[in-house]
Amino acid sequence: MRLFSRKDKNQSPGAEEALGLFLFEAVNDAIAAERALKTAGYDVHLVAPPPHLRAGCDLSVAVTRVEHVGAERALAEAGVHVREWVNDTDGTASICDLVTSVDFGEWLMVRAGNMKIVVEKASGVIVNTSGGGCPDIPYLNLELVGKRVDEVPRPKDLGYTLCGLMLDRAYVEVRSQLEGGDVA
Amino acid sequence: MTLLVVATYPVVDGPVLEGVVTIEPDGGIAIGGTRVPSSQGTSAMLGAAAQVAAHLGTPAPHALVAGDIGRGDGTRHVYEHLVEVAARIRPSVIAFHYMQPVMALMRRAVEQLAESVPDTLLVADAGGMYAAKAAGLANRFELMTPDVGEVGFLADPAVTHPAYVSHYLFGNEGFDPVVLAGRAHETGGAARVLLIKGVRDHIARDGVIEAEVDDPCVPELEAIGGTGDTVTGLASAFLAAGFPTVDAARCACLANREAGRAMGATPALHARDLVAALPGVLRDNLCRWGGACVV
């Protein structure tokens, strides 16, 4: 399966099959790494590490082995701490992309996986967040509820876990539905 | 008859708090006299559990929590104190709630608790449930309280977090709690009893549905953060009071729904509004639902 390609480079045939993983101490390090690598021109994917490398709430970044050295340097320059590089990608899993929505009339609720965000349509104010079970979810609830959806930081920039990352997907979708177009 | 809730609260570097849970006059939650922020999550769970204990006249819930905003630091502090606290207060039920899902920490805690408080029933929801399932310990638990999406996670032996649940479990009509409860039991991903929260709540024992609750139907509850946590708090408190587990789960579903109806739920209300409605709901209905009549 072709997971990704680097758009600004010519690849040799089959290069997309030779993947490795950056592993991190925390989910937000992986999110920061994804951001840094995309900024540096890499087109990467966030994936679950293989089962034998998981601790519980894990996220890793897949990159071609041939680009490992350059990508690691880009991460170091961005100040992102990498725990480990592994050549083995067998058993990785993609993040759930099941997104659904419910129209409550005055309010719109979007679910991404088991995370939910609810926005008052007229004002754009976030009135509720729910779902998930990691400790950043109550924190995000306090940080987001009562504020306009287009004025708060993205959940993935405030949160630290996979639950926060899933809430970010709901956030992106609710903004897309209310405003139209993609969210940066 | 004591419930011990093991969890975190959303404050950066918040200290370990341990003690009896009280509901303040304004509806806020305090642990050992120290207030914690009111949000969805464990404060909602504690509020609901405290209302049950107040109604039944059983000991107020006891909590062991620490500040954690997702970095896992507070979770680690809580685990460091867990065995000592459990050995001291001898709870009948320990409920793991919002915690960083770290398999190794959960594994060690369950092993130690089995030695120090072997008769204590274990309940898990939220990150506690994620860690227990991912660590292969789900069948050591008496009760788990997943929502419909999370039961897909429990039924998927390959994944360690709901964010990675497999699409094939979603089906054409979404997650099927009846099928997935059985599958979770067969694959070792379920507690003995599952309370599956949804449009229709399902309660399964050993993989078989024992009860369903769908009345009153209050769709707005799904949009309100913390209304799943209140179900967990209700069920945990009923269980600690001595209710059989399936009855505890069923009464929790009924009370949560009735409180949602009584509060006039809209997507803009909050879990604390539901907690405030519980005394009247329990007073007017619990005797009829569960035979737990308080004179």
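B:Glu24 counts as exposed because 10 C-beta neighbours lie inside 10 Å, and the cut-off for exposed is 12 or fewer. The model is predicted. B:Glu24 sits in the loop of chain B that runs between strand S2 (17-23) and strand S3 (29-31). Leaving out residues up to four places away in sequence, B:Glu24 touches B:Ala30 and B:Arg35. B:Arg35 is 11 residues from B:Glu24 in sequence, and their C-alpha atoms are 8.6 Å apart.

The nonpolar core is the next topic. The largest one holds 161 residues. The members that touch the most other members are B:Ala49, B:Leu194, B:Leu195, B:Phe238 and B:Ala252. Helix H5 (residues 162-179) of chain A gives this core its largest share, nine residues. Domain 1 (15-94) and domain 2 (99-179) of chain A each supply at least three residues to this core. In soluble globular proteins, nonpolar side chains tend to be buried together.

What does B:Ala49 touch, not counting residues up to four places away in sequence? Its contacts are B:Leu3, B:Val5, B:Pro61, B:Gly233, B:Leu234, B:Ser236 and B:Ala237.

Chain A is divided into two parts, listed here with what each gives to their contact.

| Domain of chain A | Residue range | Residues in the contact |
|---|---|---|
| domain 1 | 15-94 | six residues |
| domain 2 | 99-179 | six residues |

The C-alpha centres of domain 1 and domain 2 of chain A are 26 Å apart. On the side of domain 1 of chain A that touches domain 2 of chain A, five residues are nonpolar, one is polar and no residue is charged.

How values were computed: Residues numbered from 1 in each chain as written. Chains lettered and ligands numbered in written order. Predicted model: local features only at pLDDT ≥ 70, side-chain atom pairs only at ≥ 80, totals over all residues. Helix = DSSP H or I, 4+ residues; strand = E, 2+ residues; numbered from the N terminus. Buried ≥ 20, exposed ≤ 12 C-beta atoms within 10 Å, placed from the backbone. Contact = placed C-beta atoms within 7 Å. Core = buried A, V, L, I, M, F, W, Y, C linked by C-beta atoms within 7 Å. Domains from an automatic or database assignment. Nonpolar A, V, L, I, M, F, W, Y, C, P; charged D, E, K, R; others polar.
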